[in-house]
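Take a walk through this protein model. The route starts at one residue and widens from there.

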Amino acid sequence: AAAEERADQLEQDLSRVRYLLTEARAGVAHLQAVKDREHHSSMSTFSGLEEERRRLAEAVKRSEENEARLQRELEATQAKNEADRLRYEKELADLRAQATETLAREREDACNLRTAYERELSLSQSRFHDARDAERERFVANSRENDELKSLVEAISPPTVMAVQSQLDDHINRLQSRTAQLRQEMGHPTAQAASA
């Protein structure tokens with residue numbers, strides 16, 4: 001009877017141990033499932049964070065590339081603007097120098113033309129006055145000669161007077177022709193003197 005009680009006791013203990021083992025296995029399975037779920041959740045979270053990190057890294061890279069491109073474009077634009085400014089300043093300086101040189105040359109030419117005109121006018125007036133004085137002297141001399149000829153004609157005979165009168169007329173005609181020629185030659189200087 002003691003052996004049977006002992007066997008029953010052992011059987012009960014065995015059943016209790018099996019129950020506890022089953023409970024333990026169930027607990028372990030539950031813990032394993034929880035662990036698996038937490039690991040999966042952690043992996044999902046890590047994967048999401050990794051994806052977010054990758055997207056942020058790509059965005060930063062694109063931003064840096066855009067910034068570098070914009071910086072290069074800005075530097076190129078500034079360099080072009082500076083080159084254009086220098087070119088415009090040089091062209092403006094050249095135009096100013098050309099304008100100054102042209103103005104100085106035109107003023108010099110105008111001064112030279114005025115000087116040449118005044119010199120030519122003075123020379124023409126001098127020639128005109130000299131020719132006028134010479135003509136006046138010749139006229140006076142011719143008048144004196146005519147008076148002498150008239151006196152001579154009055155003192156000689158009529159036939160001789162006719163010959164002398166003919167010579168006198170020829171002489172007067174030559175004098176008149178020469179006077180007209182001199183006046184024609186002096187016509188241009190006279191016009192210049194009148195316009196001055």
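**From one glutamate to the whole chain**

Glu-135 sits in helix H1. The model is predicted. Is Glu-135 buried or exposed? Its relative accessibility is 14%. Buried means under 20%, so Glu-135 counts as buried. Now look across to Thr-179. In sequence, Glu-135 and Thr-179 are 44 residues apart. In space, their C-alpha atoms are 7.6 Å apart.

Thr-179 leads on to the largest pocket. That pocket holds about 290 Å³ of space. Its lining is made of 14 residues. Which of them lie closest to the centre? They are Phe-139, Asn-142, Leu-175, Gln-176 and Thr-179. Two helices each supply at least two lining residues: helix H1, spanning 2–155, and helix H2, spanning 158–185. The chemistry of the lining is mixed: four residues are nonpolar, five are polar and five are charged.

Step back to the fold. The protein chain has three helices and zero strands. Read from the N terminus, its elements run α-α-α. How much of the chain is buried? Of its 196 residues, 8% count as buried. Glu-135, at 14% relative accessibility, has that label too. The chain exposes about 16,400 Å². Carbon and sulfur atoms supply 56% of that area.

Next, the charged side chains. Side chains of opposite charge can pair when their charged atoms come close. How many salt bridges does the structure hold? The count is 12. Three of them are worth following along helix H1.

Begin with Glu-58 and Arg-54. Their side chains meet in a salt bridge, at 2.7 Å from N to O. Why can these two be partners along the helix? They are four residues apart in helix H1, so about one helical turn separates them. Both have 36% relative accessibility: Glu-58 counts as partly exposed, and Arg-54 counts as partly exposed.

Move along to Glu-73 and Arg-69. Here the side chains form a salt bridge at 3.2 Å, N to O. The spacing is again four residues in helix H1, which means a separation of about one helical turn. Glu-73 is partly exposed, at 40% relative accessibility. Arg-69 is partly exposed as well, at 36%.

The third pair is Lys-80 and Asp-84. Their closest N and O atoms are 3.0 Å apart, in a salt bridge. These residues are also four apart in helix H1, so about one helical turn lies between them. What sets the two ends of this bridge apart is their exposure. Lys-80 has a relative accessible area of 52% and is exposed. The cut-off for that class is over 50%. Asp-84 has 17% relative accessibility and counts as buried. One bridge therefore joins an exposed lysine to a buried aspartate.

Where does this pair lead? Lys-80 and Asp-84 belong to a network of salt bridges that also links Arg-87 and Glu-91.

Finish by tracing the route back. Helix H1 carries the salt-bridge pair Glu-58 and Arg-54, the pair Glu-73 and Arg-69, and the pair Lys-80 and Asp-84. Helix H1 also holds Glu-135, and with helix H2 it contributes to the lining of the largest pocket.

Key: Residues numbered from 1 in each chain as written. Predicted model: local features only at pLDDT ≥ 70, side-chain atom pairs only at ≥ 80, totals over all residues. Heavy atoms only, no water. 1 Å grid on protein atoms, 1.4 Å probe; cavity = no way out; pocket = protein on both sides within 12 Å on 5 of 7 lines; lining within 4 Å. Points joined across faces, edges and corners; volume = space filled by probe spheres on them. Nonpolar A, V, L, I, M, F, W, Y, C, P; charged D, E, K, R; others polar. Buried < 20%, exposed > 50% of the residue type's maximum accessible area, 1.4 Å probe, protein only. Areas by Shrake-Rupley, 256 points an atom, 1.4 Å probe, with all protein chains shown as cover. Salt bridge = Lys/Arg side-chain N within 4 Å of Asp/Glu carboxyl O.
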